[in-house]
Amino acid sequence: MRRPRVAVFRPDDGRINGAAALLESLGAEPVPDPMLTIEPTGQTPPEADFVVLTSATGVGVLADAGWAPGNAALCCIGESTAEAAEKAGWTVEHVPEQYDSEGMVAELESDVSGKSVALARSDRASQTMPEGLRAAGAEVIETTLYRLRRPDDAGESAELAAAGDLDGAAFTSSSTVEGFLAAAEERGVREAAIAGLESAVVGAIAESPAESAREAGISVDVVPEEADFEAVARAVVERAKSQ
């Protein structure tokens, strides 16, 4: 029985290798196609009443810089971000039930009036969270921890999808969706790649990348209850094996 060929788009900072190894262990043939390169800016969030981190990448960047939250209430989007923060030795006080910007606004809006909130994120972060927190009366300070760039050689997965040779894909952020589409466009196969994904199992780690995919015309088959890479990878592989 042929192993399902599954594309994964994690950053090329070591996580792509772990993702490929996980897919191998699940019985899939991995197609590692990094859509993101992390470029730290050297900035760290200032002192504030609350500090919000949105990814394990951000935690790693700050830990490498020797930063610590001090007296701030540390808030993390997603269990993987919170776990990374705790491994760094930091105490996490807020993790919203909904793992996105709207969820964090809902988590904090009753506590931040008249308080300072530092948002430490990537250069592609949306304005949903700062706008929502300012509406709740917070003083919001935004810090760009790192920039996201797409590697020049990205796009093998798009060509495979366009040729009908991809059985699954696991998107872990809206940026990976955007990178996949941009790489497909550059290779002249955007429409064919989107069409090719119709016969593949498409997974998204959370609703935000799922919505980005749907807006581009990509049907999403799997969004796990927990925003966790292993969960989405396992669901994609299991469903691809059954097709």
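In this predicted model, helix 5 (residues 128-135) lies across strand 4, strand 7 (116-122) and strand 8 (139-149), and runs at about 175 degrees to strand 7. Helices (H or I, at least four residues) and strands (E, at least two) are DSSP runs, numbered from the N terminus; axes are lines fitted to C-alpha atoms, for helices over the stretch in contact, with angles running from 0 to 180 degrees between N-to-C directions. Contact means heavy atoms within 4.5 Å. Residues are numbered from 1 along each chain as its sequence is written, and side-chain values use heavy atoms, leaving out hydrogens and water. Local features need pLDDT of at least 70 and side-chain atom pairs count only at pLDDT 80 or more, while totals for chains, interfaces and linings use all residues.

The open sheet is built from six strands in the order 3-8-7-4-5-6, with mixed pairing (two strands pair if DSSP finds at least two bridges between them). Strand 3 (37-40) and strand 6 (92-94) are its edges. Strand 4 (residues 50-53) pairs with strand 5 (residues 73-76) in the parallel sense over four bridges, and valine 52 has cysteine 75 in strand 5 as its bridge partner.

Turning to the interior, the largest nonpolar core has 28 residues. Such a core is a set of buried Ala, Val, Leu, Ile, Met, Phe, Trp, Tyr and Cys residues joined through side-chain atoms within 4.5 Å, where buried means under 20% relative accessible area (1.4 Å probe, protein chains only). Helix 7 gives the most to this core, with five residues. Phe180 is among the residues with the most contacts inside the core, and its contacts beyond four places in sequence include Phe9, Met35 and Leu197.

Technical notes: Buried < 20%, exposed > 50% of the residue type's maximum accessible area, 1.4 Å probe, protein only.
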